[in-house]
Amino acid sequence: MGASQRTRPGDFEVDFVDLVELGLPFMDEPNHPRLRAYTKQHTLDWSARVDAVDAIVLVTPEYNHSFSPALKNALDYLAAEWWRKPVAFVSYGGVSAGTRGVTALETVVSCLGMVRVGAAVEIPFASRLIVDEAFSPSDKEVAVLGKLLDETALLATTLTPLQG
Ligand SMILES: Cc1cc2nc3c(=O)[nH]c(=O)nc-3n(C[C@H](O)[C@H](O)[C@H](O)COP(=O)(O)O)c2cc1C
């Protein structure tokens with residue numbers, strides 16, 4: 001995909017992961033993930049899912065000015081599967097729009113070898129944008145999402161040949 005082309009959500013094949021549905025227990029592998037000597041079926045399944053994608057978009061709130069523990073746990077399970085994958089953030093919360101959680105995650109994704117996409121969707125007071133149980137984003141959020149997807153697609157094209 002060229003840099004000048006606009007990407008849209010429909011341009012991607014999305015594997016949507018809901019961490020509640022994924023149901024990973026608190027990290028229970030005996031070996032360091034770098035060894036990739038997984039012993040549990042839930043880890044093998046999670047590994048295959050992350051391996052299969054070219055890029056990651058993390059949608060996350062913040063808890064006590066930091067990352068969500070469920071998300072950190074899901075990241076901690078694996079290692080090489082994350083390596084050199086672009087990662088983009090969509091954050092939500094109160095006045096800070098979950099941005100402190102994203103800041104806390106930056107060191108984590110960097111340690112895992114992921115490459116952060118510059119554009120980020122930041123949604124303050126997200127609950128106010130829920131109408132009839134559906135999320136109703138503003139024009140600003142939609143515009144930034146377009147930029148985020150453009151950058152993610154471009155980085156994925158560049159980084160995929162470098163992944164192990
Ligand atoms: C334990 C806890 C700590 C929270 N800390 C923050 C916070 O530091 N900043 C903030 O903006 N929102 C905070 N919130 C509000 C969450 O961001 C908000 O409830 C969000 O909708 C949670 O997303 P989730 O329901 O997808 O987990 C906190 C919520 C909980 C339960």
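Where is the place of Thr60? Thr60 sits in strand S1. I will start from that residue and work outwards. Keep in mind throughout that this is a predicted model.

First, the surroundings of Thr60. There are 22 C-beta neighbours inside 10 Å of Thr60, and the threshold for buried is 20 or more, so Thr60 counts as buried. Leaving out residues up to four places away in sequence, Thr60 touches Phe67, Ser68, Leu71, Phe89, Ser91, Gly98, Gly101 and Val102. One of these, Ser91 in S2, stands opposite Thr60. For a residue further along the chain, take Leu145: Thr60 and Leu145 are 85 residues apart in sequence, and their C-alpha atoms are 15 Å apart in space.

Now the strand itself. S1 covers residues 56–60. Four of its five residues are buried, so S1 is largely enclosed by the rest of the structure. S1 pairs with S2 in the parallel sense, over five bridges. Besides the pair already named, Leu58 stands opposite Phe89 in S2.

That brings us to S2, residues 86–93. How many of the residues of S2 are buried? The count is eight of eight, so to speak of S2 as mostly covered is fair. Pro86, Ala88, Val90 and Tyr92 point one way from the strand. Val87, Phe89, Ser91 and Gly93 point the other way, and the residues on both sides are all buried.

S2 also pairs with S4. These two strands run parallel and are joined by four bridges. Within S4, Pro124 is the residue opposite Gly93. The two faces of S4 can be told apart: Val121 and Ile123 make up a covered face, while Glu122 and Pro124 make up an uncovered one.

Next, the core. In soluble globular proteins, nonpolar side chains tend to be buried together. Here the largest nonpolar core has 26 residues, and the members that touch the most others are Ile56, Val87, Ala88 and Leu148. S1, S2, H4, S4 and H5 each supply at least two residues of this core. The largest share, six residues, comes from H5, the helix at 139–159. As for Leu148, if we set aside neighbours within four places in sequence, its contacts are Ala88, Val117, Ala119, Ala120 and Val121.

Two loop residues deserve a remark about phi. Most residues other than glycine have a negative phi. Ala97 has a positive one, near 55°. Ala97 lies in the loop between S2 and helix H4, which covers 99–111. Is Ala97 buried or exposed? Ala97 is buried, because 21 other C-beta atoms lie within 10 Å.

The second case is Phe125, with a positive phi near 45°. Phe125 is in the loop that runs from strand S4, 121–124, to strand S5, 130–131. Phe125 has 11 C-beta neighbours inside 10 Å, so Phe125 counts as exposed.

Then the ligand. Which residues are around it? They are Pro61, Glu62, Tyr63, Asn64, His65, Gly93, Gly94 and Ser96. By type, this shell divides into two nonpolar residues, five polar and one charged. Gly93 has come up before, as one of the buried residues of S2 and as the partner of Pro124.

Last, the chain as a whole. The protein chain has five helices and six strands. Read from the N terminus, the order of elements is α-α-β-α-β-α-β-β-β-β-α. The C-alpha trace spans about 45 × 40 × 25 Å along its principal axes. For 164 residues, a compact globule would have a radius of gyration near 15 Å, and the chain has 16 Å, which agrees. Of those 164 residues, 25% count as buried. Taking contacts between residues at least 6 apart in sequence, 79% join residues at least 24 apart.

To close, back to the start: Thr60 is a residue of S1, and S1 is a strand that the rest of the structure largely encloses.

Conventions: Residues are numbered from 1 along each chain as its sequence is written. This is a predicted model: local features need pLDDT of at least 70, side-chain atom pairs count only at pLDDT 80 or more; totals for chains, interfaces and linings use all residues. A residue is near a molecule or strand if its C-beta atom, placed from the backbone, lies within 6 Å of it. Ala, Val, Leu, Ile, Met, Phe, Trp, Tyr, Cys and Pro count as nonpolar, Asp, Glu, Lys and Arg as charged, and the others, Gly among them, as polar. The radius of gyration is taken over C-alpha atoms; the globule rule is 2.2 Å times the number of residues to the power 0.38. A residue is buried if 20 or more other C-beta atoms lie within 10 Å of its own, exposed if 12 or fewer, and partly exposed in between; C-beta atoms are placed from the backbone. Two residues are in contact if their C-beta atoms, placed from the backbone, lie within 7 Å. A nonpolar core is a set of buried Ala, Val, Leu, Ile, Met, Phe, Trp, Tyr and Cys residues joined through C-beta atoms within 7 Å. Two strands pair if DSSP finds at least two bridges between them.
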